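This report concerns the overall form of a single chain and the surroundings of one selected residue. The sequence and coordinates are shown first.

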Amino acid sequence: MAWTLAQGDHVVPIPGTKKARYLRDNAAAADLDLTVTDLAGLDAVPAAVGGRY
């Protein structure tokens, strides 16, 4: 969620959750300040392979 928020004002995350604890985790992402190094590391993660299920 923090990575999505860091993509700029043109990107708006729309999280879905069924549990309050996940809602709190999602909201807490707004308080994270990812560094350039954090973002570079996340951008370097390879794309997923295979189907979702």
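In this predicted model, the chain carries 5 positive and 6 negative charges, and the mean positions of these two sets lie 21 Å apart. The accessible surface amounts to about 4,800 Å², with 58% of that area belonging to carbon and sulfur atoms. Of the 53 residues in the chain, 4% are buried.

The secondary structure consists of three helices and zero strands, and the order along the sequence is α-α-α. The radius of gyration is 13 Å, well over the 10 Å that the globule rule gives for 53 residues, and the chain is therefore more spread out than a compact globule. Measures of the whole chain are collected below.

| Property of the chain | Value |
|---|---|
| Radius of gyration | 13 Å |
| Span of the C-alpha trace along the principal axes | about 30 × 30 × 20 Å |
| Separation of the mean positions of positive and negative charges | 21 Å |

At the level of single residues, Leu 39 may serve as an example. Leu 39 belongs to helix H3, which covers residues 36–43. Which residues does Leu 39 contact when its neighbours within four places in sequence are left aside? The partners are Trp 3, Ala 6, Gln 7 and Leu 34. Asp 9 stands 30 residues from Leu 39 along the chain, and the C-alpha atoms of these two residues are separated by 16 Å.

Key: Residues numbered from 1 in each chain as written. Predicted model: local features only at pLDDT ≥ 70, side-chain atom pairs only at ≥ 80, totals over all residues. Heavy atoms only, no water. Helix = DSSP H or I, 4+ residues; strand = E, 2+ residues; numbered from the N terminus. Contact = heavy atoms within 4.5 Å. Rg over C-alpha atoms; globule rule 2.2 N^0.38 Å. Buried < 20%, exposed > 50% of the residue type's maximum accessible area, 1.4 Å probe, protein only. Areas by Shrake-Rupley, 256 points an atom, 1.4 Å probe, with all protein chains shown as cover. Lys, Arg positive; Asp, Glu negative; His and termini not counted. Charge placed at Lys NZ, Arg CZ, Asp CG, Glu CD.
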